[in-house]
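Please go through the structure below, beginning with its sheet and moving on to the ligand and a few single residues.

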Amino acid sequence: MRLIEASFLVSAQSIQDSPSPDVAEIAFLGRSNVGKSSLLNSLTKRKNLAKSSSTPGKTQLINYFNIKFKSKEDESQYFYARFVDLPGFGYAKVSKSIKKDWHKNLTQFLEQRPSLQIFVHLIDARHPTLDIDKSVDEFLKHTKRGDQIIINAFTKIDKLKQNDLGKLKRAYPDGIFISNLKNKGIEQLETKISNYLFKAEGIN
Ligand SMILES: Nc1nc2c(ncn2[C@@H]2O[C@H](COP(=O)(O)OP(=O)(O)O)[C@@H](O)[C@H]2O)c(=O)[nH]1
Ligand SMILES: [Mg+2]
């Protein structure tokens, strides 16, 4: 399965004004500046699909993208999904009340959105054990339904020494190790996502 098309669908403030949950969805979440927009652009091979925001913390909306996959075996078969770009968390420059609102909207979304199948948790490869990421991981593991998986995607691996990257890979054998800069791990993530989503179809 190959991702062949992506287009922006709509932005929402919360689960209440989100589009109807009728397609399998993949949520991307991580701290501001972790490389989420860059990863979405890499995955969709679009330079500016998710605007790499110059003002971190400003993008407080849930952004939906329609994604189209094509079967490698049967070129006439297409499959559809949605990427969900969630607001970056842990950004210091916004007020406490805004943070509280985001938190409420975000947790409600993660707990209640029925179409969510995959959580891609982006973690800076240089700082894999920050408290904020640990609590996100605990939260996801706790709320995750049986039909959902969590993928830990470690970003900016080009900034690590080979030795440290080796250690990280051993510590997180199920992780995906990403560099948008060097185009590393992108295809692997795409494959992991499509294998999970379309496993029932038995199509590659
Ligand atoms: N070295 C390196 N920098 C990256 C990589 N991915 C993103 N960046 C940089 O990290 C910053 C934040 O990226 P962005 O995608 O906007 O992060 P977001 O806030 O999580 O959406 C930008 O300056 C990017 O150029 C990567 O793989 N390697
Ligand atoms: Mg961004």
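In this predicted model, seven strands form an open sheet with mixed pairing, in the order β1-β3-β4-β2-β5-β6-β7. The edges are taken by β1 (2-12) and β7 (176-177); each has a single partner strand, so one side of each is left without a neighbour in the sheet. In general, the strands of a sheet pair through backbone hydrogen bonds, and the pairing is either parallel or antiparallel. The parallel sense applies to β5, residues 116-124, and β6, residues 149-155, which are joined over seven bridges. One position can serve to find the register: I118 has I149 in β6 as its bridge partner.

Helix α5, residues 186-197, packs on this sheet. The helix touches β1, β2 (25-30), β3 (62-70), β4 (78-85), β5, β6 and β7. Its direction makes about 160 degrees with that of β5.

Next comes the ligand. Which residues are closest to ligand 1? They are N33, K36, S38, D158 and N180, out of 15 residues that surround the ligand. Sorted by class, this shell holds eight polar, five charged and two nonpolar residues.

Three of the closest residues can be followed atom by atom. K36 takes part through its backbone, with an N or O atom 2.8 Å from an oxygen atom of ligand 1. S38 uses its side chain, where an N or O atom is 2.5 Å from an oxygen atom of ligand 1. For D158 the atom on the ligand side is a nitrogen, and a polar side-chain atom of D158 lies 2.8 Å from that nitrogen. On its own, ligand 1 has 570 Å² of accessible area, and the protein covers 75% of it.

Away from the ligand, a side-chain contact can be traced from helix α2, residues 96-112, where N105 is located. The side chain of N105 reaches the backbone oxygen of Q13 at 3.3 Å. With neighbours within four places in sequence left aside, N105 is in contact with Q13 and S14.

Two residues remain, both picked out by their backbone angles. Most residues other than glycine have a negative phi. K156 is not a glycine, yet its phi is positive, at about 60 degrees; K156 sits in the loop between β6 and α4 (162-171). N183 is not a glycine either and has a positive phi of about 55 degrees. The loop that holds N183 runs between β7 and α5.

Technical notes: Residues are numbered from 1 along each chain as its sequence is written. Chains are lettered from A and ligands numbered from 1 in the order in which they are written. This is a predicted model: local features need pLDDT of at least 70, side-chain atom pairs count only at pLDDT 80 or more; totals for chains, interfaces and linings use all residues. Side-chain values use heavy atoms; hydrogens and water are left out. Two strands pair if DSSP finds at least two bridges between them. Helices (H or I, at least four residues) and strands (E, at least two) are DSSP runs, numbered from the N terminus. Contact means heavy atoms within 4.5 Å. Axes are lines fitted to C-alpha atoms, for helices over the stretch in contact, and angles run from 0 to 180 degrees between N-to-C directions. A residue is near a molecule or strand if one of its heavy atoms lies within 4 Å of it. A polar contact is a pair of N or O atoms within 3.5 Å; within protein, one must be able to donate a hydrogen and the other to accept it, and residues adjacent in sequence count only if both atoms are side-chain atoms. Accessible areas come from the Shrake-Rupley method with a 1.4 Å probe; for residues, only the protein chains shown count as cover. Ala, Val, Leu, Ile, Met, Phe, Trp, Tyr, Cys and Pro count as nonpolar, Asp, Glu, Lys and Arg as charged, and the others, Gly among them, as polar.
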